Every structure is written in structure tokens, then in C-alpha cells.
Amino acid sequence: MARVLLVVGTAGVLAYPWLVPNYYLVYAGVLTIMYASMATSWNILGGFTGYVSLGHSAFFGLGAYGTGLLVTRAGVPWVVALLVSGLLVTVAAAVIGVAAVRVRGASFVIVSIALVSVMNLLVQGWRSLTGGATGLQVPSPFPELSRGQTHLVFFYIFLALLAAVLGTWWFVSRSRFGGGLRAIREDEDKAEMLGVPTAAFKVAAFALSALFVALAGGLYSVWFGSLDPIFVFSIVSGAYMVLMSLLGGVRHLFGPLLGALIITPAGEYFLIALGETQIHLTATGVLLVLVVLFMPEGIVPRVAGRPEGASIREDSAEQRLQEVKG
């Protein structure tokens, strides 16, 4: 039944742009898939290790500006710019991660928030390069297409990114590396005492998670075309990743995807209904608190249980360590 649902769901997603009546709904679909990719990327760190980062939008912004600057300032083809930017952000994340993962709990959350604030100030202050508070305009890679047709193309490009992220999460969940990350989540001190290289594993998860978020940011820059530092380096975007993952279920492959399918359309609806107000942001904060208090395991465990093929098993640290050691 699970495989049938997967095939039907995949077919429905592929056909979606051709079934909706207008290009705005295609745009909403692109936005949803983008957030699903980012939430699943965040879950490589948060779901496996239990480290909660509210600052992953820093990597989204760096990927967006890195790609945009390579295209506009250096004339690099957008695909090359996207890959180079993603690689550079990954290296930067690994360097930052060496310091960031030394702290735990609330301290790690504060460090991640500070990272977003620093990147935002840096981009706004470096006006000669980034355009400052006015942002950066990135030309479309498909100038011969209308705006609506561009949405259609990027729907499938972002869908390919989502498939890559889901495949990576699935592979990590079945690897010794994933077993080590789960050991960290269950009991980090015991895992370290028994020989798991916890610092190296956490840095690797941090960098891998940042890679896909940066790629999403790079694709956003060439798709949307206008970069606003307030948006791309927004703590709210980081909170969305956490909320989507928690709502769907951080221990499940499709948990963040389900969360994105709920949160993104709801956010677009409230934005249209309420206009440019802060009410929808308040609603996001309230929902995050409610999910943490009353549904910490997310929707997927309540609906489908914990199927072995699509979840992170809740075993003990000893079992995780046995898996790592083979």
C-alpha cells in the first residue's frame, strides 16, 4: 500500500502544473517544493542529531547571493554558479560548524540565530558588492519564456532538488554515519565515550544539511530574480523549516514534506487574506509552540505509525553504537 501511495503521489506531483487553472498556483507549487526541500535538508541535522537550528536561512541567503553575484558580477552560467556557490557554502558551513557544534541545547539555537543576523548585516553593509538594503537583481536564465512558463520550468527543477534531498536522507538513515548521528541524539556523551567521532559527525551533518539549503537559495535567486536581504536572511524562514519538520515528523522521511504541504499553502492564503501584516508571523509562532507542546512527534507517526522503511527508529544509544561499529 505504501508503494502504491508513493507512485500515485509522485504521478500527482508531476502532473500538478498541468492540472491547476492558472500560473499563480504553479508559483505556489514551486514555493511549496522549495520549502519542502529546505525542511528535509534541515532534518538531516535536526532529525538525526536532535540539534535545533533556527539559522539555516543563513545558508539559504548565502546560496542565493553567491549564485546571484556569480551570475551578475562574473558572468558565470547559472548552473555553474549554482554548483560553485553550493560548494563554497558547504565549505563555509563546515568551518562554522566546527565552532557551532561545540555548544548544545539553547546555546546552539542562539548561535544559529546570531549567524543569520551577522550574515544579514554583512550583506546589507557591503553595498558595492551586494546592493545593500536595495537587494540584488538576477536575470532570468530563460529570458525567452514568460513569467508563468518560468514557474513551470522551475517547478520541475525544484522537484529534482527535492528528490535529491529525500534520496540523501534515505541513504543517511541506512548508513553507519546515520547510526552515529542517532547515537548522538540518544546520548551524545555515551556515544563519545564509546568511540563515536561525535564532533566530526555533527560537522558533517551540519555541512550536508547546509549544502541543500544553499542549492535551494541559489535556485531561488535565478527563479525569483530579486533578492531582498531581509527575506533571504530571515529567521522566520529558519523557523518555517523547523515548524514543517516538527509538524510532519522529524523522524520520518516524508515528515518535513508533509509539513511543507500544510504550512506553505496556509501561509500564502493568510498573506493574501490579511495583506502585508505581521499577523501571519504571529500565527506561525503560535503554531510552533502548539506543535512542540501537543504534537512533538508530528503527524506521520499518528497517521501511519513508524514503518521501518521510512523512519528513524527510536533505539537506545547502545543499539546505535552497535550499528556504527558494524
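The following exercises, each with a worked solution, concern a predicted model of a protein chain.

**Exercise 1. Overall composition**

Describe the secondary structure, the burial and the contacts of the protein chain.

*Solution.*
Step 1. The secondary structure consists of 15 helices and two strands.
Step 2. The protein chain has 326 residues, and 49% of these count as buried.
Step 3. The accessible surface amounts to about 14700 Å², and carbon and sulfur atoms account for 71% of that area.
Step 4. Among contacts with a separation of 6 or more, 81% join residues 24 or more positions apart.

**Exercise 2. The largest nonpolar core**

Which residues have the most contacts inside the largest nonpolar core, and which helix gives the largest share of this core?

*Solution.*
Step 1. The largest nonpolar core comprises 82 residues. The residues with the most contacts inside this core are Met34, Phe59, Phe60, Phe158, Leu161, Trp223 and Leu227.
Step 2. Helix 9 (residues 198–224) supplies the largest share, namely 14 residues.
Step 3. Leu227 serves as an example of the surroundings of one such residue. When neighbours within four places in sequence are left aside, the contacts of Leu227 are Ala64, Tyr65, Gly135, Leu136, Val138, Tyr220, Ser221 and Val232.

**Exercise 3. Two residues of helix 3**

Determine whether Ser57 and Phe60 are buried or exposed, and list the contacts of each.

*Solution.*
Step 1. Ser57 is located in helix 3 (residues 57–72), and Phe60 belongs to helix 3 as well.
Step 2. Buried means under 20% relative accessible area. Ser57 has a relative accessibility of 0%, so Ser57 is buried. Phe60, at 1%, is therefore also buried.
Step 3. Neighbours within four places in sequence are set aside. Ser57 then touches Val116, Val232, Phe233, Ser234, Ile235, Ser237, Gly238 and Met241. For Phe60, the contacts are Met34, Met38, Val213, Ala216, Gly217, Tyr220, Phe231 and Val232. Val232 thus appears in both lists.
Step 4. One of the contacts of Phe60 is Val213. These two residues are 153 residues apart along the chain, yet their C-alpha atoms are separated by 5.3 Å.

**Exercise 4. Aromatic pairs**

What is the geometry of the pair Phe177 and Phe201, and which parts of the chain does this pair tie together?

*Solution.*
Step 1. The count of aromatic pairs in the model comes to 21.
Step 2. In the pair of Phe177 and Phe201, the ring centres are 5.3 Å apart and the planes stand at 75°. Planes over 60 degrees apart count as edge-to-face, and the pair is accordingly edge-to-face.
Step 3. Because Phe177 lies in helix 8 (residues 176–193) and Phe201 in helix 9, the pair ties together parts 24 residues apart in sequence.
Step 4. Phe177 is partly exposed at 21% relative accessible area, whereas Phe201 is buried at 16%.
Step 5. A second pair is formed by Tyr220 and Trp223, with centres 6.1 Å apart and planes at 75°, and so is edge-to-face. Tyr220 and Trp223 are three residues apart in helix 9, so about one helical turn separates them. Tyr220 is buried at 6%, and Trp223 is buried at 1%.
Step 6. Ring pairs also link a cluster made up of Tyr24, Tyr27, Phe60, Trp78, Phe142, Phe154, Phe158, Tyr220, Trp223, Phe224 and Phe231.

**Exercise 5. Two residues of helix 7**

Are His151 and Trp170 buried or partly exposed?

*Solution.*
Step 1. Helix 7 (residues 147–173) contains Trp170, and His151 is found in helix 7 too.
Step 2. His151 has 8% relative accessibility and is therefore buried. Trp170 has 42% and is therefore partly exposed.
Step 3. Beyond its neighbours within four places in sequence, His151 is in contact with Tyr23, Val26, Tyr27, Val30 and Trp223.
Step 4. Trp170 and Phe254 are 84 residues apart along the chain, and 10.0 Å separates their C-alpha atoms.

**Exercise 6. A nonpolar surface patch**

Which residues form a nonpolar patch on the surface, and where is Leu287 found?

*Solution.*
Step 1. The patch consists of Val286, Leu287, Val289, Leu290, Leu293 and Phe294, which together have about 560 Å² of accessible area.
Step 2. Leu287 is found in helix 13 (residues 279–294).
Step 3. Membership of a patch requires over 30% relative accessible area. Leu287 has 31% and is partly exposed.

Conventions: Residues are numbered from 1 along each chain as its sequence is written. This is a predicted model: local features need pLDDT of at least 70, side-chain atom pairs count only at pLDDT 80 or more; totals for chains, interfaces and linings use all residues. Side-chain values use heavy atoms; hydrogens and water are left out. Patches are made of residues with over 30% relative accessible area and no salt bridge: like charges are joined within 9 Å, nonpolar side chains (Val, Leu, Ile, Met, Phe, Trp, Tyr) within 5 Å. Accessible areas come from the Shrake-Rupley method with a 1.4 Å probe; for residues, only the protein chains shown count as cover. A salt bridge is a side-chain nitrogen of Lys or Arg within 4 Å of a carboxyl oxygen of Asp or Glu. Helices (H or I, at least four residues) and strands (E, at least two) are DSSP runs, numbered from the N terminus. Buried means under 20% relative accessible area, exposed over 50%, partly exposed in between (1.4 Å probe, protein chains only). A nonpolar core is a set of buried Ala, Val, Leu, Ile, Met, Phe, Trp, Tyr and Cys residues joined through side-chain atoms within 4.5 Å. Contact means heavy atoms within 4.5 Å. Rings of Phe, Tyr and Trp (its six-membered ring) pair if their centres lie within 6.5 Å; planes under 30 degrees apart count as stacked, over 60 as edge-to-face and the rest as tilted.
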